Amino acid sequence: MRKLALSDEILLSVQQPARYIGGEINSVVKDPSRVDIRFAMCFPDVYEIGMSHLGMQILYDMFNRRDDIYCERVFSPWLDLDKLMREQDIPLFALESQEPVRNFDFLGITLQYEMCYTNILQILELSKIPLHSWDRTLADPFVIGGGPCAYNPEPLADFFDLFYIGEGETVYYHLMDIYKEWKRQGKSRKEFLEAAAEVPGIYVPSFYDVAYKEDGTILSFTPNNPHAKEKIVKELVVNPDDATYIEKPLVPFMKVTQDRVVLEIQRGCIRGCRFCQAGNVYRPLREHSLDYLKDYAYKMLKSTGHEEISLSSLSSSDYTELEGLVTFLIDEFHGKGVNISLPSLRIDAFSLDVMSKVQDVKKSSLTFAPEAGSQRLRDVINKGLTEEAILSGAAEAFRGGWNRVKLYFMLGLPTETVEDMEGIALLSEKVAETYYDEVPKEKRQGKVQVTASSSFFVPKPFTPFQWARMCTKEEFLEKANIVRGKFREMLNYKSLRYNWHEADLTVLEGVFARGDRKTGALLEEAYKNGALYDSWSECFHNDIWMKAFETCGLSIDFYTTRERDMDEIFPWDFIDAGVSKEFLKREWKNALNETVTPNCRQRCSGCGAMRWKGGVCYENKN
Amino acid sequence: MKIRIKFSKQGEMKFIGHLDIMRYFQKAMRRADVDIRYSEGFSPHQIMSFASPLSVGLTSNGEYMDIEVHSTESSEEMIRRINEVSVEGIRVLSYRLLPEKALNGMAAVAAADYTIQFRPGYEPEDETAWFQGLLDFLSRPSIPVIKKTKKGEKEMDLKPLIYESRLLSCPVPEEKQDAAGRSLAPGILLRISAGSSANVKPEMILDAYCKEAGETLSEFAFLIQREELYTRQPGDAQSADGNILVPLDAVGEDLL
């Protein structure tokens, strides 16, 4: 039996000891002394959040297929254990072997959202790995980052030895082979980084110098090592069926957020919403074949015993064989105690028919994401959802027995006017009215309930809105107030609900989303003063951050509200994410002109992703 | 068909709470292809119930759950199948067919056996003497304790709820044996009332004794293990009510 890193006394004193013991169904057991490479894969948040993440499980499975690699998992200890580990000087450990992370060859950290950045420093500190890459020695693991936030890794440049830009399935094996060879030869840390820097998709931040202009923007960004590439081109799986998926997903003992089989049906998106980073950086859209998905659906349900299977993609309705897939899942699994959940579906006759088969209509609600309150602003953001489509979808749903609707919006989008904001209340009201128009009194099951939520818009790198000005906290709250005021004027006010996201947190997210290397010091300062688990509202302390801006002499406005010049060198410009800067500029101008760009299946808009010679760009072009 | 399953919960599984153990078995039933019955409706759930929740921190050799199945293979085959898809700390020990009219485990349970030893590192100088002191305490004619209930505090007598107590040697769990560690330790066995009518937890007895002896021990001082759950069956004319205690799975029979 394994010896746990934590004593019974500690495990029985902290909340949810299941977070720290590993040993779950399908966790991989290897003898650490019989592998060449030990890889600690970390999600810098608490276990139940991290364990719900698909990408980490894909890489866990992929690494462990190799006999010479042992990949284990690491998560952020919750605050109660964090405190005990510091008091009792217990080093952070990986779940499988329960051995200290510092003994590993690699610490891989997935970067899913900006507000987990302080947790990265927690992971490093508790592991007793020096925070700064330049302080590390041969006794330390190499710290590598990946995931969506790696598309602007600069705020984290000081803390990572290297970053992997793009999809993990392609060059990791190659990188591991290079590592093995380096280890065999017993060379210096720098020599490994030099070899790694030549691998496509790998970025070694210490091999680049950044010079700034007087106004704080970037003057130049240049390699300082002959092995470093001028541009880092993102990695991408051209044919997704060639990549391995997870046959035996881990099954946590405790209930985690994603307590089900997750089947990724496609990567990328054809829609081209101008605010959406995922829709841009994962281009082109690439679908899995129906046979591949059927095979994995069987294997994963069998190996986990999960009672639910869910489809994952940015826009499931665009999957060309959706009907065949859904029919298969219903025929094969529904009725055998397996629920089928279908997120991100467009509401239409087909999806309503499917949903009525797999869900309890009375208990479920419908979700629309118009994102903006008026057609004008939806044209600006290129969200192809029209009011007519929403209202006819809602009408159909109401006739089918649903009476709860959720609507998602953003506030603070470029060019937004008071009319656009008020449109959120007006559209919600129209949805409510549709219910009373469509469903005769005797057939109504209680009142209709429309819940509108708005988040605040954060401009992200590699989107047409990367040049956009972001609002201040005060502006955001003012906008939310305007919307709330309009809701109060609505006839069906009692059937409508409106809530909005935290503004302080959004502003910080905006700083790091488009942050440069200078923001690394800010992060460190806030962490040292107690910032941790910032994405958890009960843990977030805005005052710590405000003080850190002051101490570091950095301005929030520089990163958020500043108008950016079209020719400004952005911190992330050294990355080639597939979509060209010319395309993004074109799209930014189209946005300001309220011009809609058709989706990839209607017409190619020449974004640059075609060079991968795959996916939607080559559909029907054999 | 009603089936009663007996299982053990050992090692690190003691950190997994009752609700998560239920979720664990729901998934294990699917992995093992047990032809379990589901309730009707839009979100069908497996027909499965547990005899007695075990507190986090305790290990057990005698946990019970009842399920209903449409069809089944032999007991031996089903035990093999479920154990094949199980984690190390959970082992199915028996899988038996219940008579149609059998009470479910939760209603049937009447008593439980616990073994108690000191957690390594918390032993008093003379463990055997300590446990002997406890036995002497338990031989008193009455053992009044204050029980906290939702409505307030209530005095109750533990004495009639303790059916048996004796010294024994307990195996020390493997993960608790360090290099110099011993494999057996002095301990005590308690057979006490359990179930919905009068549920006694071993901690209540230990607390009562420590209070009496004026000792304050760490909440981590003991390793407590449940060994068995019992139900009452008619049989013994010698006993007060003509009933004897038999293990919960004595009610069923093996499927051949």
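**Exercise 1. Which domains does the domain assignment of chain B give?**

Before you start, keep in mind that this is a predicted model.

Step 1. The assignment splits chain B into domain 1 (2-107) and domain 2 (108-249).

Step 2. Taken over C-alpha atoms, the centres of domain 1 of chain B and domain 2 of chain B are 25 Å apart. In the contact, domain 1 of chain B puts in 24 residues and domain 2 of chain B puts in 17 residues.

Step 3. Now the area. About 1600 Å² is buried between domain 1 of chain B and domain 2 of chain B, with carbon and sulfur atoms giving 39% of it. On the domain 1 side, B:Leu58, B:Asn61 and B:Tyr64 supply 27% of the area buried against domain 2 of chain B, more than any other three residues.

**Exercise 2. Work out what holds polar groups together across the two domains of chain B.**

Step 1. Start with the charges: the rule finds 2 salt bridges across the interface of domain 1 of chain B and domain 2 of chain B. To check a pair by hand, look for a Lys or Arg side-chain nitrogen within 4 Å of a carboxyl oxygen of Asp or Glu. B:Glu63 and B:Arg226 pass, since their closest N and O atoms are 2.9 Å apart.

Step 2. Then count polar contacts: there are 18 residue pairs between domain 1 of chain B and domain 2 of chain B, both residues at pLDDT 80 or more.

Step 3. Which elements give two or more residues to the domain 1 side? They are β1 (2-9), β3 (59-68), β4 (90-97) and α3 (105-108) of chain B. β3(B) gives the most, with 6 residues.

Step 4. Sort that side by class and you get 8 nonpolar, 11 polar and 5 charged residues.

**Exercise 3. Trace the partners of strand β10 of chain B.**

Step 1. Begin with β3(B), which runs parallel to strand β10 (residues 222-234) of chain B and is joined to it by 2 bridges. Here B:Ser60 stands opposite B:Arg226. You've met B:Arg226 already, as the salt-bridge partner of B:Glu63.

Step 2. Next comes strand β5 (residues 109-118) of chain B, which pairs with β10(B) in the antiparallel sense over 9 bridges. B:Ala111 has B:Tyr230 as its bridge partner.

Step 3. Finally, β10(B) pairs with strand β11 (residues 243-247) of chain B, antiparallel again, over 5 bridges. B:Tyr230 turns up here too, opposite B:Pro247 in β11(B).

**Exercise 4. Read the open sheet of chain A and explain its edges.**

Step 1. Put the strands in order: 6 strands of chain A form an open sheet, β2-β1-β3-β4-β5-β6, with mixed pairing.

Step 2. Why is one side of β2 (69-75) and of β6 (202-203) of chain A left without a neighbour in the sheet? Both stand at the edges and each has a single partner strand, so one side of each has no neighbour there.

Step 3. Zoom in on one pair. Strand β3 (residues 106-110) of chain A and strand β4 (residues 142-146) of chain A pair in the parallel sense over 5 bridges. In this pairing A:Ile109 is matched with A:Gly145.

**Exercise 5. Describe how the two domains of chain A meet.**

Step 1. Chain A is divided into domain 1 (8-233) and domain 2 (260-358 + 578-622). Their C-alpha centres lie 29 Å apart.

Step 2. In the contact you'll find 10 residues of domain 1 of chain A and 13 residues of domain 2 of chain A. Together the two domains bury about 850 Å², 47% of it from carbon and sulfur atoms. A:Leu54, A:Tyr151 and A:Glu167 supply 55% of the area that domain 1 of chain A buries against domain 2 of chain A, more than any other three residues.

Step 3. The rule finds 3 salt bridges across this interface. One of the residues just named is in a salt bridge: A:Glu167 pairs with A:Arg267, with the closest N and O atoms 3.2 Å apart.

**Exercise 6. Summarise the contact between chain A and chain B.**

Step 1. Chain A brings 35 residues and chain B brings 30 residues. The two chains bury about 2800 Å² between them, 57% of it on carbon and sulfur atoms.

Step 2. Across the interface the rule finds 9 salt bridges. Among the salt bridges is B:Lys27 with A:Asp259, at 3.1 Å between the closest N and O atoms.

Step 3. On the chain A side, α1 (8-11), α9 (290-304) and α11 (349-358) each supply at least two residues. By class, that side has 13 nonpolar, 11 polar and 11 charged residues.

Conventions: Residues numbered from 1 in each chain as written. Chains lettered and ligands numbered in written order. Predicted model: local features only at pLDDT ≥ 70, side-chain atom pairs only at ≥ 80, totals over all residues. Heavy atoms only, no water. Contact = heavy atoms within 4.5 Å. Buried area = accessible area lost by both parts, 1.4 Å probe. Helix = DSSP H or I, 4+ residues; strand = E, 2+ residues; numbered from the N terminus. Nonpolar A, V, L, I, M, F, W, Y, C, P; charged D, E, K, R; others polar. Domains from an automatic or database assignment. Polar contact = N/O pair within 3.5 Å; in protein donor to acceptor, adjacent residues only side chain to side chain. Pairing = 2+ DSSP bridges.
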